[in-house]
Structure formats: C-alpha cells, structure tokens
Amino acid sequence: MSSQQNIEYKQPEKDNQFIIFKTKDDKISVDVRFESETAWLTQADLAELFQTSRPNITMHIKNILTSGELEENVVSKNFLHTTEHGAIEGKTQTKEVKYYNLDMIISLGYRINSKIATKFRQ
C-alpha cells in the first residue's frame, strides 16, 4: 500500500459510538468503536485493518502480553453484541466480544504493517 494512500473517516457524533476508517479505494473499511476517548477493535477488525489473518493477530497479541509490553486488563475490554439468533427467526442473542484499544492497535501495527498503523493514528 502506498504511503500516499488517502484515508477517509467519519468523526463520531455526540451519541455515535463508531467511526469508519477506510481507504479511498475501499480495500480496507473498518468500523471503529470509540469509547472512553480511545478506539476499540475486535481481532477480526484488526485482521481486516492490517490485511492479515486472525491467527496472526492472535499470535502477536499473545507475544505483546506475554512480554509485558502491555497489560491485558488495560488494553482489552468485553463489549456486548446483540445479533439475530441463527436458529430462531425473530429472536436475538447477546454475547460478549473482546475489543482491543488504541495502544494494542499501535503495537500490532509496528509488528504487522506500520504504514497502515501510521495512517490509522492520524
């Protein structure tokens, strides 16, 4: 990806909890949860952002936490997701999904693709 790549994003509105990070060519588009003055992404979102696999993201997160570079209870948080129930029409289900904050996003970016991480921070 070119370092000249233009990035578009929408600033969060007062009651809006998400911003959208995407490249001009729409190759990368990630909905970013914005809460407590930081960005939050799931492992799936991180894989999309850095154009890599979830197992690769998991490996790097494990290494970052094991080395003590970051503390899991500081950089991760579970948020509730409500989705439609797969087996019962018209019913919803709620589950916890782990998100990682901007500190983890930046640390991963240095290991995986620092050009995208730099654009994301801007």
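**Entry 1: Thr38**

I looked up what Thr38 touches: leaving out residues up to four places away in sequence, the list is Arg33, Asn101 and Leu102. I note here that the model is a predicted one. Thr38 sits in strand S4, which covers residues 38-41. I then asked whether Thr38 is buried or exposed. Its relative accessible area is 14%, and the limit for buried is under 20%, so Thr38 is buried. I also checked its side chain for a polar partner, and found that the side chain reaches the backbone nitrogen of Leu102 at 3.4 Å.

**Entry 2: the loop before S4**

I stepped back to Ser36 and Glu37. Ser36 lies in the loop between S3 and S4, and Glu37 has its place in that loop too. I read the phi angles next. Ser36 has a positive phi of about 55° and is not a glycine. For Glu37, also a residue other than glycine, phi is positive and near 60°. I wrote these down because most residues other than glycine have a negative phi.

Are these loop residues buried or exposed? The limit for exposed is over 50%, and Ser36 has a relative accessible area of 59%, so Ser36 is exposed. Glu37 counts as exposed because its relative accessibility is 76%.

**Entry 3: the two sides of S4**

I followed the side chains along S4. Thr38 and Trp40 point one way from the strand, while Ala39 and Leu41 point the other way. All of these residues are buried. I then looked for the pairing of S4, and found that S4 and S6 pair in the antiparallel sense over 2 bridges. The bridge partner of Leu41 in S6 is Tyr100.

**Entry 4: aromatic rings**

How many aromatic pairs are there? The count comes to 2. In one pair, the ring centres of Trp40 and Phe79 are 5.7 Å apart and the planes stand at 75°; an angle over 60 counts as edge-to-face, so this pair is edge-to-face. The pair links distant parts of the chain, with Trp40 in strand S4 and Phe79 in strand S5 (residues 76-84), 39 residues apart.

I checked how covered these residues are. Trp40 has a relative accessible area of 7%, so Trp40 is buried. Phe79 is buried as well, at 5% relative accessibility.

Phe79 also forms an edge-to-face pair with Tyr99, at 4.9 Å centre to centre and 85° between the planes. This pair also links distant parts of the chain: Phe79 is in S5, Tyr99 is in strand S6 (residues 92-101), and they are 20 residues apart. Tyr99 counts as buried because its relative accessibility is 3%. I recorded Trp40, Phe79 and Tyr99 as one aromatic cluster.

**Entry 5: helix H4**

I moved on to Asn101, which was on the contact list of Thr38. Asn101 caps the N-terminal end of H4, with a side-chain oxygen 3.1 Å from the backbone nitrogen of Asp103. Helix H4 covers residues 102-112. Which residues of H4 are buried? They are Met104, Ile105, Ile106, Ser107, Leu108 and Gly109.

I picked Met104 and listed its contacts. Leaving out residues up to four places away in sequence, Met104 touches Ile61, Ile64, Leu65, Leu70 and Val75.

**Entry 6: the nonpolar core**

Which members of the largest nonpolar core touch the most other members? Of its 17 residues, these are Leu46, Met104 and Leu108. I traced where the core comes from: at least two residues each are supplied by strand S3 (29-35), S4, helix H1 (43-49), helix H2 (54-66) and H4. For background I noted that nonpolar side chains tend to be buried together in soluble globular proteins.

**Entry 7: the whole chain**

Last, I took down the totals. The protein chain has 5 helices and 6 strands. From the N terminus on, the elements run β-β-β-β-α-α-α-β-β-α-α. The chain has 122 residues, and 32% of them count as buried. Among contacts with a separation of 6 or more, 42% come from residues 24 or more positions apart. The accessible surface comes to about 7,900 Å², and 45% of that belongs to carbon and sulfur atoms.

Methods: Residues are numbered from 1 along each chain as its sequence is written. This is a predicted model: local features need pLDDT of at least 70, side-chain atom pairs count only at pLDDT 80 or more; totals for chains, interfaces and linings use all residues. Side-chain values use heavy atoms; hydrogens and water are left out. Helices (H or I, at least four residues) and strands (E, at least two) are DSSP runs, numbered from the N terminus. Buried means under 20% relative accessible area, exposed over 50%, partly exposed in between (1.4 Å probe, protein chains only). A polar contact is a pair of N or O atoms within 3.5 Å; within protein, one must be able to donate a hydrogen and the other to accept it, and residues adjacent in sequence count only if both atoms are side-chain atoms. Contact means heavy atoms within 4.5 Å. Rings of Phe, Tyr and Trp (its six-membered ring) pair if their centres lie within 6.5 Å; planes under 30 degrees apart count as stacked, over 60 as edge-to-face and the rest as tilted. A nonpolar core is a set of buried Ala, Val, Leu, Ile, Met, Phe, Trp, Tyr and Cys residues joined through side-chain atoms within 4.5 Å. Two strands pair if DSSP finds at least two bridges between them. Accessible areas come from the Shrake-Rupley method with a 1.4 Å probe; for residues, only the protein chains shown count as cover.
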